[in-house]
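Student: Before I rely on any label attached to this structure, I would like to see the reasoning behind it. Could we go through the terms one by one?

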Amino acid sequence: MSTLSGVARTSGRSWLNPSTWHLRTRLVLVAMALLVAICGAVGVVSYASMDMVFNRQLDRQLEQASSRANDFGRPPSNFPGSGRPDPLEARGQAAGTLNARIDGSTVSSSGLIDAKGNRVSLSTDDEQVLLALPKNSDPADRSLSNGDYRLVAVETAYGDVIVTGLPLADKQSAEASLVWTMVLVSLGGLVIIGLAGTVIIRRTMRPLEQLSEVATKVSRLPLDAGEVALAVRVPPSAAHPGTEVGSVGHALNQMLNNVSNALEARQESETKVRQFVADASHELRTPLTAIRGYTELLRMTENFTDDGRKSLSRVQSQSERMTTLVEDLLLLARLDEGQPVKVTDVDLTQLVIETVSDEKVMAPDHIWQLQLPDEPVTVRGDATQLHQVLANLLSNARKHTDSGTTVVTGVMLSADGSAVVTVTDNGPGIPEDFQGRIFSRFARADAARSGSEGTSGLGLSIVESIVEAHGGTVEVTSRPGRTEFALRLPAVANEQM
């Protein structure tokens, strides 16, 4: 039972359930992360492939341009010893083509063709970049004043070096377009798949939400006592054993059926026990009354030795104690049956004064103090039962504390208009492990204060039952040197008279 309630408390409601929402979010994020990884991998591979294709195309163009420049740069055969032709003037060189001739460590001619077909000279810095190129090597990318170029330097048979270059602008523009296209397509795909995935996951997890709702409803039921109607079940649509979630729903329904049967059996057993206690207590009243009567008759008509009188007094005291226990059990039985309280206007202040006065007579070795308001505090309730509540609390303080203990009884109106009665003492306190079950029936702790022997363990249980029957609450706080019982009852001002 506690396991079921504990599991259910971790659940929430439908789509707003934090745990379900987090699970959906994680699933969507995982799917999105996988998609991003896939898109990223595809993008990197595609970019690398296209870069290789562009480089091969550019290298073929560069090889052709270099070959045209080298062929054009040969010295004329009919003019031996004359100057070499400028390779940039070779036919077929496209716009953007760069050519330069290097003699030793000097650039003898250099330039490039702009978009209009005009020759543009290179700067000194550009010529230094050309001089640093490795000869007869693979093409290399370099940044010049006119942009990025792919360059190749070829040493001719005449001892000079012809440098040829083509601009990288078209290649870079195509690659940038490819990147933006892939980014936009990937983002669009992520948005579409994210929305579709959310809808699919939401629809897929709807049976889990139904299971969560059922578990939440069960967790809010008071299953610890009383008659419980455990009619909540997982709907058939979410309890079909053919699916994973359906198997869980089916198992949950079977568990709920088992729990419901156990609760019914427990309630039936509790009813029988309560009825037995009520019947037995009622039947015990007559013989106990007879025992007390005959004991009193023997005391008045017969002569006993001192030991006999002590034994007779012992019989009388134990029969009176038994009678008190029977009356307490009968009261609890009536309260368990939910019998309505006979309410009247009760002056709580006057009731406290009278009850404390009675305790002063019984325990003059304690210090009894009152903290009362200037105006009377009135509540609706049964004066006899409320008197028993106060008497039990004061008797509890008297029995379980040493002589000289100060017991303070206070009455006040709280901010919400309810009446509050406190009974506070400066005794040794209640052990922490016992405070959680102090209002249970027959609950006694050998180490809980001094002098616990001889108590029935019903006093505080009766206090709680009577207070709850009056629509109030009772709480206890305790530490060594200070123990306080606080009663909170609806005041007359809050009642609909």
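Tutor: What follows is a set of questions about labels, each answered by setting a value against its cut-off.

Tutor: Please keep in mind throughout that this is a predicted model. The protein contains 11 helices and 13 strands, and buried residues make up 38% of its 497 residues.

Student: Why is Thr422 called buried?

Tutor: The relative accessible area of Thr422 is 17%, and buried means under 20%, so Thr422 is placed in the buried class. Thr422 belongs to strand 11, which spans residues 419–425, and, leaving aside residues up to four places away in sequence, it touches Val408, Thr409, Gly410, Glu484, Phe485 and Ala486.

Student: What makes Thr286 count as exposed?

Tutor: The relative accessibility of Thr286 is 59%, and the cut-off for exposed is over 50%, so Thr286 falls in the exposed class. Thr286 is a residue of helix 6, and its C-alpha atom is separated by 9.8 Å from that of Thr323, although the two are 37 residues apart along the chain.

Student: How do you know that helix 5 and helix 6 are roughly parallel to each other?

Tutor: The axes of helix 5 (residues 206–219) and helix 6 (residues 244–301) cross at roughly 20 degrees and come within 9 Å. Angles under 35 degrees count as roughly parallel, and the two helices are therefore described in that way. Their crossing is left-handed, and the contact is made by Pro207, Leu208, Leu211, Val214 and Val218 of helix 5 together with Val245, Val248, Gly249, Leu252 and Leu256 of helix 6.

Student: What makes one residue in the contact of helix 5 with helix 6 polar?

Tutor: The residues of that contact divide into 9 nonpolar, 1 polar and no charged. Gly counts as polar under the scheme used here, and Gly249 of helix 6 is among the contact residues.

Student: Why are strand 3 and strand 4 said to stand at the edges of their sheet?

Tutor: The sheet is an open one of 6 strands in the order 3-2-1-6-5-4, with antiparallel pairing. Strand 3 (119–120) and strand 4 (140–144) each have a single partner strand, so one side of each is left without a neighbour in the sheet.

Student: How do you know that strand 1 is paired with strand 2 and with strand 6?

Tutor: Two strands pair if at least two bridges are found between them. Strand 1 is joined to strand 2 (residues 106–113) by 6 bridges, running antiparallel, and to strand 6 (residues 161–167) by 5 bridges, again in the antiparallel sense, so both pairs meet the requirement. As for individual positions, Asp103 stands opposite Thr106 in strand 2, whereas Arg101 stands opposite Ile162 and Ala100 has Val163 as its bridge partner in strand 6. The hairpin of strand 1 and strand 2 has 2 residues between the strands, and Gly104 there takes a positive phi near 70 degrees.

Student: Why is strand 1 called mostly covered?

Tutor: Strand 1 runs over residues 98–103, and 5 of its 6 residues are buried, with buried again meaning under 20% relative accessible area.

Student: What makes strand 8 and strand 12 the edge strands of the sheet with the order 8-10-11-13-12?

Tutor: That sheet is open, has 5 strands and shows mixed pairing, and strand 8 (367–371) and strand 12 each pair on one side only. The twist averages 15 degrees from one strand to the next. Strand 11 and strand 13 pair in the antiparallel sense over 7 bridges, with Val421 opposite Leu487 in strand 13.

Student: Which helices lie across strand 13, and at what angles to it?

Tutor: Helix 9 lies across strand 8, strand 10 (406–413), strand 11 and strand 13, running at about 175 degrees to strand 13. Helix 11 lies across strand 12 and strand 13, running at about 25 degrees to strand 13. Angles over 145 degrees count as roughly antiparallel and those under 35 as roughly parallel, so helix 9 is roughly antiparallel to strand 13 and helix 11 is roughly parallel to strand 13.

Student: What covers the buried residues of helix 11?

Tutor: The buried residues of helix 11 (residues 459–469) are Leu460, Ser461, Ile462, Val463, Ser465, Ile466 and Val467, and their cover includes helix 7 (306–336), helix 9 (383–399), strand 12 (473–479) and strand 13 (482–489). Just after helix 11, Gly471 takes a positive phi of about 80 degrees.

Note on methods: Residues are numbered from 1 along each chain as its sequence is written. This is a predicted model: local features need pLDDT of at least 70, side-chain atom pairs count only at pLDDT 80 or more; totals for chains, interfaces and linings use all residues. Side-chain values use heavy atoms; hydrogens and water are left out. Buried means under 20% relative accessible area, exposed over 50%, partly exposed in between (1.4 Å probe, protein chains only). Helices (H or I, at least four residues) and strands (E, at least two) are DSSP runs, numbered from the N terminus. Contact means heavy atoms within 4.5 Å. Axes are lines fitted to C-alpha atoms, for helices over the stretch in contact, and angles run from 0 to 180 degrees between N-to-C directions. Angles under 35 degrees count as roughly parallel, over 145 as roughly antiparallel, 65 to 115 as roughly perpendicular and the rest as oblique. A crossing is left-handed if the near helix is turned anticlockwise from the far one by less than a right angle, and right-handed if clockwise.
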